[in-house]
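Hi everyone, thanks for coming. I'd like to walk you through a structure today, so have a look at the screen while I talk.

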Amino acid sequence: MIGTKDLAVSFGRNKIFQSIGLDIEPNGKYAVIGPNGSGKTTLALVLAGVIPEFTPADVKGEVQSAGCSLIMQNPSSQFFAMSVKEELGEKGVKLAKQFSASHLLERNVFELSEGEKQKINLIANLSFKNSCLMVDEPVELLDPVEAKRFCSAFSKVKDRTLIWFDKNEDFVAGMKKTYLAKPKKQTLPAKKNNVCKETVLSADFSLERNGFSVKEISFEVCAGEKIGLIGLNGSGKTCVLKALAGIEKQSGKLQANKNISYAPQNPSHLFFQETAEAELVDVGNARKLGIELLLQKNPALLSKGQQKMLSVATIAPNTVALLDEPTTWLDSANKASVYNFINNSEQAMILATHDRKLLDYCDRILIIKDKGVTECSSTVANRFFQA
Amino acid sequence: MFQYSSKSLFSGVREEFKILFLLLVFVAAFSITNLAVQAVLFVLLFALLFVAGYRDFLKLFAGLIPFLLLANASFVLFLADTGIDLVHFTLVANFRVLSLFAATAFFTFSTDIFALVRMMKKAHIPELVYLPIYILFRFLPEIEKDLVEISSIQRIKGITKRQPILYIESIFLPLLFTVLQKSDDLAIAYYLRKKRETESG
């Protein structure tokens, strides 16, 4: 039996949640849904026995959770062996066939894609006899294809209690759902049309280094235009953005009539000031994104979702903004704020993303496929997301 | 730096032999006092390093020269009145240091860190010893990647080496937080793994 009654957790003065009640039946499939900052990871760590045994915290209430293992969000931080075979051990190697992962056994962990790493984490956890397996936003960093593969592997798991923690319900169909906070109804903005008046950026180049290449990157960006850039994990979306920003070597032509702003995929790479306000060029962006309350806080101490919102707010006015996965780590309310911000912005933007809804606010979509960049219709984009 | 899955000419040689070779060079470098023999040892080691496919000699020397200059200056300062043949002593010491660095560079360049850890595991060396080594080298490339990423992001923001304090701050602080976050994740993952193993027997 796994469950909690009136569970409250706080780290010093910082209350994470109060009075959480969970009732989990053995061998059931459950989803725990909650927005950014609702305490999903903390709850998972309590059930896994990390809090308070390993990470000290004030825990009040009742917890029943013997034998729960946990797969965390970042697949790379959970490997301790050199090869997949060593990571899995004897029992795991036997299980690999069942999960169509036999071809990965001889590989080095460095050579695996993020999705493959997460799959190996799943098999490694299943090779032990724990009665319960929890996964904390396991597909957050995966592209749609890798995410679907992981979900397909996850659906094969039997004879064990499964708990999936997530911000939204995209991947938890058929599971019994528990909400840590009531989901807010979101009204998504209608797409604004953009009329091309002047070209602010024109690119015609190729990228090539260490066996990695993206060729025929050729497009122009109009003032105010929003361009979506899609592709699988490792296809080169970030490299293309960096090349456009002038920090990745490219061979060809690149002409920008305006300065470039860049919001990276990992927001914690950006911040070094004492307050969030000091990181912003235009404080108005924070108001537009609804994060005014964060302005006086230290960016390093914010949650990943809050950091992501702040990183979007750091883009400077009157520049071409390059946003790398601007909606990763965000719940539906924060995503809606970002859609709204992008839709209402007068700036030209290039958005590398795995978020299908974000593409609805783009004037054009570029796809990186077969080591080349081509413009695609929303039908092709839909097919990519349903792959 | 240690190799990660890439092959050099001596990658196939067993790690035990490489460790033995490294130890022998260290013993030889410290025990030989004859200048000519030290010079020959130095030349042989650099030739071996070249044959192995190593080409970063400039970086190696650039890192060594300030250290050698400092050491030589201190010899002149502190040993001038002792009656030691300073020229001979300094040359032997310099060749000695160069040989030690060449041997270490050869060892790290031709050794896959994973093979080294595997050897330690096979030799029943406790996990307490090899795991920190593995984790250190497993995450070094990731930290290096973070460093490159952070410095390029700050360059886009217009922060350059012309503002040295701001530049260092803008790179060091995000890197520190990223490393702390990674080590925290890693510690939790390791705790969970051990707990999982204990609970399921």
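Here's something to start with: which strands does helix H1 of chain A lie across? Keep in mind that what you see is a predicted model. Okay, find H1, residues 40-47 of chain A. That helix lies across S3, S5, S6 and S7 of chain A, where S6 is the strand at 132-136. Against S6(A), the helix runs at about 155 degrees.

Now let's look at the sheet those strands belong to. Going across, the order in chain A is S5-S6-S7-S3-S8, so to speak the street plan of an open sheet of five strands with parallel pairing. At the edges you have S5 (68-71) and S8 (176-179) of chain A, and each of these pairs on one side only. As for the twist, neighbouring strands in this sheet are turned by 20 degrees against each other on average, direction ignored.

A quick reminder for anyone new to this: strands in a sheet pair through backbone hydrogen bonds, and the pairing can be parallel or antiparallel. For a parallel example, take S3 (residues 29-33) and S7 (residues 161-166) of chain A, which pair over five bridges. If you want a single spot to click on, Lys29(A) has Leu162(A) in S7(A) as its bridge partner.

And for the antiparallel kind, go to the start of chain A. There, S1 (residues 2-11) and S2 (residues 14-24) pair in the antiparallel sense over seven bridges. Thr4(A) stands opposite Leu22(A) of S2(A). The two strands, S1(A) and S2(A), make a hairpin with two residues between them. In that turn, Gly12(A) has a positive phi of about 60 degrees.

While we're here, which residue has a positive phi although it is not a glycine? That's Ser19(A), with a phi of about 55 degrees. Ser19(A) sits in strand S2 of chain A. One more backbone detail: Ile51(A) and Pro52(A) are joined by a cis peptide bond, with omega at about 0 degrees. You'll find Pro52(A) in the loop between H1 and strand S4 (58-64) of chain A.

On to helices packing against each other. Two packed helices are described by the angle between their axes and by the distance between those axes. In chain A, try H2 (residues 84-98) and H3 (residues 114-126): they pack at an angle of about 65 degrees, and their axes are 8 Å apart. H2(A) and H3(A) are therefore roughly perpendicular to each other. The crossing of H2(A) past H3(A) is left-handed. On the H2(A) side, the contact residues include Leu88(A) and Leu95(A), and on the H3(A) side they include Ile120(A) and Ile123(A). Sorted by class, this contact of H2(A) with H3(A) has eight nonpolar residues, one polar and one charged.

Compare that with a pair in chain B. Helix H5 (residues 113-122) and helix H6 (residues 127-156) of chain B pack at about 170 degrees, with axes 10 Å apart. That angle makes H5(B) roughly antiparallel to H6(B). Among the residues making this contact are Val117(B) and Met120(B) from H5(B), plus Ile133(B) and Phe137(B) from H6(B). The class count for H5(B) with H6(B) is eight nonpolar, no polar and one charged.

Let's zoom out to domains. Chain A is assigned domain 1 (2-179) and domain 2 (199-385), and 29 Å separate the centres of these two domains of chain A, taken over C-alpha atoms. How many residues of domain 1 of chain A are in contact with domain 2 of chain A? It's 14, and they meet 16 residues of domain 2. H3 and H4 (144-155) of chain A each supply at least two residues on the domain 1 side, and H4(A) gives the largest share, three residues. By class, that side splits into four nonpolar, five polar and five charged.

Chain B has domain 1 (15-113) and domain 2 (126-199), and their C-alpha centres lie 32 Å apart.

Last stop: where the chains touch. Chain A puts 30 residues into the contact and chain B puts in 33. On the chain A side, S5 and S13 (260-263) are the elements giving two or more residues. That side of chain A has 18 nonpolar, 10 polar and two charged residues.

That's my tour, thanks for listening!

Terms used: Residues are numbered from 1 along each chain as its sequence is written. Chains are lettered from A and ligands numbered from 1 in the order in which they are written. This is a predicted model: local features need pLDDT of at least 70, side-chain atom pairs count only at pLDDT 80 or more; totals for chains, interfaces and linings use all residues. Two strands pair if DSSP finds at least two bridges between them. Helices (H or I, at least four residues) and strands (E, at least two) are DSSP runs, numbered from the N terminus. Axes are lines fitted to C-alpha atoms, for helices over the stretch in contact, and angles run from 0 to 180 degrees between N-to-C directions. Two residues are in contact if their C-beta atoms, placed from the backbone, lie within 7 Å. Angles under 35 degrees count as roughly parallel, over 145 as roughly antiparallel, 65 to 115 as roughly perpendicular and the rest as oblique. Ala, Val, Leu, Ile, Met, Phe, Trp, Tyr, Cys and Pro count as nonpolar, Asp, Glu, Lys and Arg as charged, and the others, Gly among them, as polar. A crossing is left-handed if the near helix is turned anticlockwise from the far one by less than a right angle, and right-handed if clockwise. Domain bounds come from an automatic or database domain assignment.
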